[in-house]
Amino acid sequence: MKIMKKIAAALLAAVMAVTAFAITASADSIYDTAKEIKSGVEVTATGIGYGECADYKIKVTKSGTLSLNLTIGMDKAYIFVLDSDGNGVKYSDYQVVTGNATWYDQNHTKGNSFNCSWNSSTEKIKFKADYSVEKGTYYIRIQHNDWGSSSNGNRKINLTATFPSATVSKAKISYLTLKVSQGDVAELGTVLSGSGSVEWTSSKASVATVNSSGKVTAKAKGSAIITAKCGSSKQKIKIIVK
């Protein structure tokens, strides 16, 4: 009987050790598994079992605020934010919409993280948190942490993270422009990637004319669009006569 008790105790200790390992955020593993996400774009992860994680990476382009907006369909979850050195980042503000949240400070064995749980009436955690961040790379981990309850909830995570990031300009070039004086002559040319002939046209010959070789003559004050066309390819330049 004593031997059986010792074996049972050893097995329990092993399970607890594995469990403790599973719920500790590791920056090393996040480096390998994190999916880069864009600011303001919602991402979804499904089927998160016990100890499993949804890992994300963000690139912050300047100092500012990282805001997390989370909906979690699990009864319990940890939320970690780590810098590129694996250090936990502490929140500056947070709000629990549904469910509960407890903050673990850095001296806690689980590191800097939120421990969230749902209310049985809602079966959903809705959570918002802000973090002060500097320029650099950060990692977000949402981890299912309730042993033996992987079937509870839909195990689905919806995350929208907003943070300072590089923006892609939606502006586009409509025309090149060339300013000339009345009576001036300008020689325009093209570079073709294949063989073919170029057709030149002016949108307003009373302002500027163009001949078959791309020679533009400024006639009067105003503007005209000169178009060079070869097959289906076109290039345009706006002539402004002063």
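**View 1. Strands E6 and E9 pair in the antiparallel sense.** Six bridges join strand E6 (residues 91-98) to E9. This is a predicted model. Tyrosine 91 stands opposite tyrosine 131 in E9. Tyr131 points to one face of strand E9 and is buried.

**View 2. Side chains alternate along strand E9 (residues 125-133).** In a regular strand, side chains alternate between the two faces of the sheet. Strand E9 shows such an alternation. Ile125, Phe127, Ala129, Tyr131 and Val133 point to one face, and these residues are buried. Lys126, Lys128, Asp130 and Ser132 point to the other face and are not buried.

**View 3. Strand E4 pairs with E9 and with E11.** Strand E4 (residues 64-72) meets E9 in the antiparallel sense over nine bridges. Here threonine 71 stands opposite lysine 126 in E9. Lys126 belongs to the face of E9 whose side chains are not buried. Strand E11 (residues 157-162) also pairs with E4 in the antiparallel sense, over six bridges. In that pairing, leucine 68 stands opposite alanine 161 in E11.

**View 4. Five strands form an open sheet.** The order is E2-E11-E4-E9-E6, and the pairing is antiparallel. Strand E2 (43-45) and E6 stand at the edges. Each has a single partner strand, so one side of each is left without a neighbour in the sheet. From one strand to the next, the twist averages 15°. Strands of a sheet pair through backbone hydrogen bonds, either parallel or antiparallel.

**View 5. Glutamate 36 and lysine 59 form a salt bridge.** A search of the whole structure finds two salt bridges. In the one shown here, the N to O distance is 3.9 Å. The pair links distant parts of the chain, 23 residues apart. Glutamate 36 lies in strand E1 (residues 35-36), and lysine 59 lies in strand E3 (residues 53-60). Glutamate 36 is partly exposed, with a relative accessible area of 43%. Lysine 59 is partly exposed too, at 44%.

**View 6. Arginine 141 forms a salt bridge with aspartate 55.** The closest N and O atoms are 2.7 Å apart. This pair also links distant parts of the chain, 86 residues apart. Arginine 141 is in strand E10 (residues 136-144), and aspartate 55 is in strand E3. Both arginine 141 and aspartate 55 are buried.

**View 7. Aspartate 83 is buried yet has no salt bridge.** Aspartate 83 lies in strand E5 (residues 76-83). The nearest side chain of opposite charge is arginine 141, 13 Å away. A salt bridge needs a nitrogen within 4 Å of a carboxyl oxygen, so arginine 141 does not qualify as a partner of aspartate 83. A polar atom of the aspartate 83 side chain does lie 2.9 Å from the backbone nitrogen of aspartate 85. Not counting residues up to four places away in sequence, aspartate 83 touches Tyr31, Val89, Thr137, Tyr138 and Tyr139.

**View 8. Glycine 189 is exposed.** Glycine 189 lies in the loop between strand E13 (185-187) and strand E14 (199-202). Its relative accessible area is 65%. Exposed means over 50%, so glycine 189 falls in that class. The C-alpha atoms of glycine 189 and lysine 215 are separated by 8.5 Å. Along the chain, glycine 189 and lysine 215 are 26 residues apart.

Definitions and conventions:
Residues are numbered from 1 along each chain as its sequence is written. This is a predicted model: local features need pLDDT of at least 70, side-chain atom pairs count only at pLDDT 80 or more; totals for chains, interfaces and linings use all residues. Side-chain values use heavy atoms; hydrogens and water are left out. Helices (H or I, at least four residues) and strands (E, at least two) are DSSP runs, numbered from the N terminus. Buried means under 20% relative accessible area, exposed over 50%, partly exposed in between (1.4 Å probe, protein chains only). Lys and Arg count as positive and Asp and Glu as negative; His and the chain ends are not counted. A polar contact is a pair of N or O atoms within 3.5 Å; within protein, one must be able to donate a hydrogen and the other to accept it, and residues adjacent in sequence count only if both atoms are side-chain atoms. Contact means heavy atoms within 4.5 Å. Two strands pair if DSSP finds at least two bridges between them. Axes are lines fitted to C-alpha atoms, for helices over the stretch in contact, and angles run from 0 to 180 degrees between N-to-C directions.
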